[in-house]
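Open the model in your viewer and keep the sequence panel in sight. The tour below goes from the whole chain to single residues, one selection at a time.

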Amino acid sequence: MRDAFPCDGPRWRVMGASVKGISHVRAGQPCQDAVRWRTIPIPGLPPDTLIAAVADGAGSARHSGEGSFLAADAAIDRAAAMLQDDPCGITSPRLTHILHQAMYAAYRRIVETAAQPNYWRPIREYATTLLLVIWARGTLAAAQIGDGAVVASNESGDYILFTTPQRGEYANETSFLTGRNAMQQLQIRTAAWPNAKRIAMFTDGLQNLALEHTANAPFPGFFTPLFNWLEAQTDELDAYAGLRAFLKSDRVTARTGDDTTLLLALREQG
């Protein structure tokens with residue numbers, strides 16, 4: 001977590017957490033989700049530039065928890081480096097290129113880890129989904145492989161499903177970053193979003209709560225109370241504890257036994 005509650009200029013108030021699901025607790029498995037973000041100023045860009053990632057390791061893959069962390073870290077590292085290389089050239093086509101390169105960097109990080117001498121493992125053991133968001137110079141851009149979703153709203157408070165959960169070829173099959181055709185399945189979207197106010201990212205453990213499946217749309221009753229809660233927070237550690245408590249609450253665990261990850265980003269005016 002980095003600079004979740006910065007103090008100067010327009011900024012994003014960001015909080016994210018991952019919690020082990022009940023099924024993983026019972027099976028003695030670790031949490032296989034990951035969440036990362038950066039709101040630190042990049043030279044040449046406004047201080048409200050945001051880069052965030054969430055990843056969900058496959059429950060059946062032995063090292064998927066490590067895979068999710070590797071993927072999220074690598075994607076953010078690559079996106080930040082490319083933004084810093086040319087901070088003035090932030091356009092939708094360039095953000096699309098950055099997202100492609102960041103997702104590929106995440107894949108390469110897993111491949112290189114799996115291929116270490118005296119450590120070789122099949123990359124399928126690191127199987128993970130990956131969602132990556134960049135908001136810079138009034139443009140919102142997102143990339144996704146796998147399930148979970150990105151939700152965004154503007155100052156009017158209307159939520160839209162910015163990316164959609166992605167499934168594999170068969171029912172209940174998920175696409176993974178480590179899959180054979182992962183880059184061909186990559187979902188990317190960019191849009192001018194100068195009045196972006198709220199962005200949420202979540203793994204599939206929260207889909208039944210966060211989305212109205214018949215309408216394929218975000219459920220405002222899930223997001224609005226959470227963003228209102230985040231707006232009232234004044235301490236980062238308290239906010240982190242509060243978000244974890246929500247993800248462990250009966251309201252969530254009654255609907256899913258899976259690991260759950262949620263990132264909330266609230267843009268404030270300085």
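## The whole chain

Of the 270 residues of the protein, 53% count as buried, where buried means under 20% relative accessible area, exposed means over 50%, and partly exposed is in between (1.4 Å probe, protein chains only). This is a predicted model, in which local features need pLDDT of at least 70 and side-chain atom pairs count only at pLDDT 80 or more, while totals for chains, interfaces and linings use all residues. Residues are numbered from 1 along each chain as its sequence is written, and side-chain values use heavy atoms, with hydrogens and water left out.

Switch to a cartoon view. The protein has 7 helices and 12 strands; these are DSSP runs numbered from the N terminus, with helices being H or I over at least four residues and strands being E over at least two. Along the principal axes, the C-alpha trace spans about 50 × 45 × 35 Å. The radius of gyration is 17 Å, which agrees with the value near 18 Å for a compact globule of 270 residues. That radius is taken over C-alpha atoms, and the globule rule is 2.2 Å times the number of residues to the power 0.38.

Contacts come next, a contact being heavy atoms within 4.5 Å. Among contacts between residues at least 6 apart in sequence, 71% join residues at least 24 apart.

Now show the surface. About 11,700 Å² is exposed, and carbon and sulfur atoms supply 48% of it; the areas come from the Shrake-Rupley method with a 1.4 Å probe, and for residues only the protein chains shown count as cover. Colouring by charge picks out 25 positive and 27 negative side chains, and the centres of the two sets lie 3 Å apart. Lys and Arg count as positive and Asp and Glu as negative, with His and the chain ends not counted. Each charge is placed at NZ of Lys, CZ of Arg, CG of Asp or CD of Glu.

## Aromatic rings

Select Phe, Tyr and Trp. Rings of these residues (the six-membered ring for Trp) pair if their centres lie within 6.5 Å; planes under 30 degrees apart count as stacked, over 60 as edge-to-face and the rest as tilted. By this rule there are 8 aromatic pairs.

Zoom in on Trp-12 and Trp-135, an edge-to-face pair with 5.7 Å centre to centre and 75 degrees between the planes. Trp-12 belongs to strand β1 (residues 11-19) and Trp-135 to strand β4 (residues 130-136), so this pair links distant parts of the chain, 123 residues apart. Both Trp-12 and Trp-135 are buried.

Move to Tyr-159 and Phe-227, which are stacked at 6.4 Å centre to centre with 20 degrees between the planes. Tyr-159 is in strand β7 (residues 159-163), and Phe-227 is in helix α5 (residues 220-232), 68 residues away in the chain. Tyr-159 counts as buried because its relative accessibility is 13%, and Phe-227 is buried with 1%. Add Phe-202, Phe-222, Phe-223 and Phe-246 to the selection: ring pairs link these with Tyr-159 and Phe-227 into a cluster.

## Single residues

Stay on helix α5 and pick Trp-229. Is Trp-229 buried or partly exposed? At 24% relative accessibility, Trp-229 counts as partly exposed. Leaving aside neighbours within four places in sequence, Trp-229 is in contact with Ala-239, Gly-242 and Leu-243.

Return to strand β7 for Thr-163. Thr-163 counts as buried, at 0% relative accessibility. Beyond four places in sequence, the contacts of Thr-163 are Leu-131, Ala-142, Gln-144, Ala-149, Val-150 and Gln-187.

Next, select Lys-197 in the loop between β8 (187-192) and β9 (198-202). Lys-197 is partly exposed, with a relative accessible area of 25%. Not counting residues up to four places away in sequence, Lys-197 touches several residues, among them Trp-12, Ser-153 and Arg-267.

Go on to Arg-137, in the loop between β4 and β5 (139-145). Arg-137 has a positive phi of about 50 degrees although it is not a glycine. The residue is partly exposed, at 38% relative accessibility.

Finish at Thr-253 in helix α7 (residues 250-253). With residues up to four places away left out, Thr-253 touches Ile-22, Leu-247 and Lys-248.
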